[in-house]
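Me: I should like to examine the assignments made for this structure one at a time. For each, please set the value against the criterion and then conclude.

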Amino acid sequence: PRPDVEPKASEMIPEIIDLTCQLVQSGHAYVADGSVYFRVRSFPRYGILSNQRIEELDEGARVEAEPGKEDPLDFAVWKAAKPGEQVWESPWGRGRPGWHIECSAMSLRYLGSGFDIHGGGRDLIFPHHENEIAQSEAVGLPFARVWMHNGMIRSEGEKMAKSVGNISLLREVLDGYGSEALLTYFLTTHYRSPLEFSEEKMAEASAAYGRLAEAVQGFDEAAILTI
């Protein structure tokens, strides 16, 4: 079934601006050259999801060096307009939302404060999900209670990604092996672990499903004979 709501960030601009205003008014964010940045050090619990301390982040974590930042660790909540980008009016001038604030605004709008489960790939734990927590809870809005992160599907030792060029389209896999074999393949490892994709592994999953289906069919026939 499809989700009840499939929001777009472009439809959430008023909510994004409102949340950004709250961050600025509370002192957790500041304006610099038309952009708005979150003060990471103003949120003592920063790093709680990824089990990192700010001291460790200082020593070489993934940070963006941008003009106007008070601290290299600070991340963009609102970005000043650049040529060729879609932009909206805001109290800080024309610009667009940062990546992280979009997801906080959508989650809080449709799921409410303190919702149950937030999912995503393990590659999103830091900085994306860490930043979602910080910018939401910094203004007193409890975020997700439970986090579930799945491992990445890999091909030839690398994460499957368009940028790498090693993706296999879902419809092609379904046409070749069927949904039952694909689900069996997914069940071959824990959901948090990486999963290597190959034609060989799909063939193994297809054979495993065939054995399972045959066993279940045999069980059903035996049950009928005993009635």
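Reply: Helices and strands here are DSSP runs, numbered from the N terminus, a helix having at least four residues and a strand at least two. On that basis His 28 is placed in the loop between α1 and β1, the latter spanning 29-32. Please note that the model is a predicted one.

Me: Why is His 28 called buried or exposed?

Reply: Buried means under 20% relative accessible area. His 28 has 14% relative accessibility, and therefore counts as buried. Its contacts beyond four places in sequence are Leu 23, Tyr 37, Phe 38, Arg 39, Ser 42 and Ala 138.

Me: What makes the approach of the His 28 side chain to the backbone oxygen of Ala 138 a polar contact?

Reply: A polar contact requires a pair of N or O atoms within 3.5 Å, one able to donate a hydrogen and the other to accept it. The side chain of His 28 reaches the backbone oxygen of Ala 138 at 3.3 Å.

Me: How do you know whether His 149 is buried or exposed, and which side chain does His 149 join in a polar contact?

Reply: His 149, in strand β6 (residues 146-150), has a relative accessible area of 7%; this value is set against the limit of 20%, so His 149 is buried. The side chains of His 149 and His 129 are joined by a polar contact of 2.8 Å. Among the residues that His 149 touches are Leu 49, Ile 125, His 129 and Tyr 191.

Me: What makes helix α4 mostly covered?

Reply: Of the 13 residues in helix α4 (residues 125-137), 12 are buried. His 129 is one of these buried residues, and others include Ile 125, Phe 126, Pro 127 and Ile 133.

Me: Which peptide bond is called cis, and what is its omega?

Reply: The bond from Phe 126 to Pro 127 is cis, with omega near 5°. Pro 127 belongs to helix α4. Most peptide bonds are trans.

Me: Why are α1 and α3 described as roughly perpendicular?

Reply: The range for that term is 65 to 115 degrees. Helix α1 (residues 13-26) and helix α3 (residues 99-111) pack at an angle of about 105°, with their axes 9 Å apart. The two helices are therefore roughly perpendicular to each other. Their contact has 6 nonpolar, 2 polar and 3 charged residues; including Leu 19 and Leu 23 from α1, and Ala 105 and Leu 108 from α3.

Me: What is the relation of α5 to α6?

Reply: The axes of helix α5 (residues 170-177) and helix α6 (residues 179-186) come within 7 Å and cross at roughly 110°. That angle makes α5 roughly perpendicular to α6. By class, this contact has 6 nonpolar, 1 polar and no charged residues.

Me: How do you know how many disulfides there are?

Reply: A disulfide needs two cysteine sulfur atoms within 2.5 Å. The cysteine sulfur closest to that of Cys 21 is in Cys 103, at 19 Å, too far for a bond. The count by this rule is 0 disulfides.

Me: What is notable about phi in Asp 33, and why is Asp 33 called buried or exposed?

Reply: Phi of Asp 33 is near 55°, a positive value in a residue other than glycine. Most residues other than glycine have a negative phi. Asp 33 lies in the loop between β1 and β2. Its relative accessible area is 66%, set against a threshold of over 50%, so Asp 33 is exposed.

Terms used: Residues are numbered from 1 along each chain as its sequence is written. This is a predicted model: local features need pLDDT of at least 70, side-chain atom pairs count only at pLDDT 80 or more; totals for chains, interfaces and linings use all residues. Side-chain values use heavy atoms; hydrogens and water are left out. Axes are lines fitted to C-alpha atoms, for helices over the stretch in contact, and angles run from 0 to 180 degrees between N-to-C directions. Angles under 35 degrees count as roughly parallel, over 145 as roughly antiparallel, 65 to 115 as roughly perpendicular and the rest as oblique. Contact means heavy atoms within 4.5 Å. Ala, Val, Leu, Ile, Met, Phe, Trp, Tyr, Cys and Pro count as nonpolar, Asp, Glu, Lys and Arg as charged, and the others, Gly among them, as polar. Buried means under 20% relative accessible area, exposed over 50%, partly exposed in between (1.4 Å probe, protein chains only).
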